[in-house]
Amino acid sequence: MSDGADKPTTLSTSALARQLEVPAQQLFGTLKDYGWIRKLEDGWALTAKGEFEGGEYRHSQRYGRYIVWPESLAEHPLLQALENNRMLSTAALGAPLGLSGKTVNRALAELGWLRRGFHGWELAEAGRRQGGVQLENRQTDMHYVLWPEAVREAPALAQQLETLRQAQQPQPATDLFAEAGECRAIDGHQFRCQGLRQICDWLYMAGIVHACERQLPTTEPLRADFYLPLNHLYLEYWRGDDEAGALKARMRRRECYRELGLAVIDIHPEDLEQLEDFLPRQLQKHGVQHL
């Protein structure tokens, strides 16, 4: 017979987070806020409170020193409250609408709830008032923010995400005019075709300064679809339903780009279905930075 009862099962902090069904970084942040652990340069350390709650150290050749907790800690009232107030990543916020975490981060930044920092996304005061929580990835030192589920119901965000969802809907190969004759982009620019509006929305949400219908540096009355002044880069959308006059003007602009040595990105209707992949790749070739 053994000299004592089996030791209680212990869980690493990450395993405890999985049992509670919350992001691991949210649990680390919460335990820090409770005063159970404190951040060191090379990891986490237990405090007296943490030891009182059953926290212990373990060592492994792969992970070095780490903290484990009794499995029963999952029933602690403070952690139960955490489970009942689950925080969501931007990817989880956008999933029901088919939006990526990157797109949701841009929407939050446009609302002034986030700002792009050197180490990732940083929570702004307006976002803090909405319940956002700033966290840091221990492996990469990159910052990110988690949000309460209720933030989905915030009118400003809900409207923004719905607008982006509609903007990402694939357009027909022959891009149609807006039913009312014009459609307004998020930044207020107006267009007579949905494809141009979709490109404008993407540029605006990506934080890229751009002009619409910009006159080319020529005496001829030729205007580009988009111009990025900080990068001296033009964008042309080759619609499938251009009338003869519009197509002739577009072909003449192409000649001018070549003659004057101007940088231009051509966008076609089929590219709209994968704009989030297509534009960043093309813009990167010209050194364009974006959110």
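These legends walk through a predicted model of one protein chain, starting with the whole and then moving to close-ups.

**Figure 1. The whole chain, with its 11 helices and 16 strands.**
Before zooming in, take a look at the overall outline. The C-alpha trace spans about 95 × 40 × 35 Å along its principal axes. A compact globule of 291 residues would have a radius of gyration near 19 Å, while this chain comes out at 26 Å. Buried residues make up 41% of the 291. Among contacts with a separation of 6 or more, 48% link residues that sit 24 or more positions apart. The accessible surface adds up to about 16,400 Å², and carbon and sulfur atoms account for 49% of that. As for charge, the chain carries 33 positive and 40 negative ones, and the mean positions of the two sets are 4 Å apart.

**Figure 2. Glu 56 and Arg 58, paired in a salt bridge.**
Side chains of opposite charge can pair when their charged atoms come close. The chain has 13 salt bridges in total, and this view shows the one between Glu 56 and Arg 58. Their closest N and O atoms are 3.0 Å apart. Are these two buried or exposed? Neither quite fits: Glu 56 is partly exposed at 37% relative accessibility, and Arg 58 is partly exposed too, at 29%.

**Figure 3. Glu 122 reaching Arg 115.**
Here is another salt bridge, with 3.8 Å between the closest N and O atoms of Glu 122 and Arg 115. The cut-off for a salt bridge is 4 Å, so this pair counts. Glu 122 has a relative accessible area of 24%, which makes it partly exposed. Arg 115 is partly exposed as well, with 46%.

**Figure 4. A salt bridge along helix α10, between Glu 255 and Arg 252.**
How far apart are the closest N and O atoms of Glu 255 and Arg 252? The answer is 2.8 Å. Both residues belong to helix α10, which runs over residues 244-260. An α-helix has 3.6 residues a turn, so residues three or four places apart point the same way. Glu 255 and Arg 252 are 3 residues apart, so about one helical turn separates them. Each is partly exposed: Glu 255 at 32% relative accessibility and Arg 252 at 23%. The pair also has company, since salt bridges with shared partners join Glu 220, Arg 252, Glu 255 and Glu 259 into one network.

**Figure 5. Helix α6, mostly covered.**
How many of the 10 residues of α6 (residues 101-110) are buried? It's 8 of them. The buried set includes Gly 101, Thr 103, Val 104 and Asn 105. Arg 106 is on that list too, along with Ala 107, Leu 108 and Ala 109. After the helix comes Gly 112, with a positive phi near 85 degrees.

**Figure 6. Ala 206, a buried residue in a loop.**
Ala 206 lies in the loop between α9 (194-205) and β13 (211-215). With a relative accessible area of 1%, Ala 206 is buried. What does Ala 206 contact, leaving aside neighbours within four places in sequence? The partners are Arg 106, His 290 and Leu 291. One of them, Arg 106, is among the buried residues of α6 shown in the previous view. Arg 184 lies 22 residues away from Ala 206 along the chain, and their C-alpha atoms are separated by 18 Å.

Notes: Residues numbered from 1 in each chain as written. Predicted model: local features only at pLDDT ≥ 70, side-chain atom pairs only at ≥ 80, totals over all residues. Heavy atoms only, no water. Helix = DSSP H or I, 4+ residues; strand = E, 2+ residues; numbered from the N terminus. Rg over C-alpha atoms; globule rule 2.2 N^0.38 Å. Buried < 20%, exposed > 50% of the residue type's maximum accessible area, 1.4 Å probe, protein only. Contact = heavy atoms within 4.5 Å. Areas by Shrake-Rupley, 256 points an atom, 1.4 Å probe, with all protein chains shown as cover. Lys, Arg positive; Asp, Glu negative; His and termini not counted. Charge placed at Lys NZ, Arg CZ, Asp CG, Glu CD. Salt bridge = Lys/Arg side-chain N within 4 Å of Asp/Glu carboxyl O.
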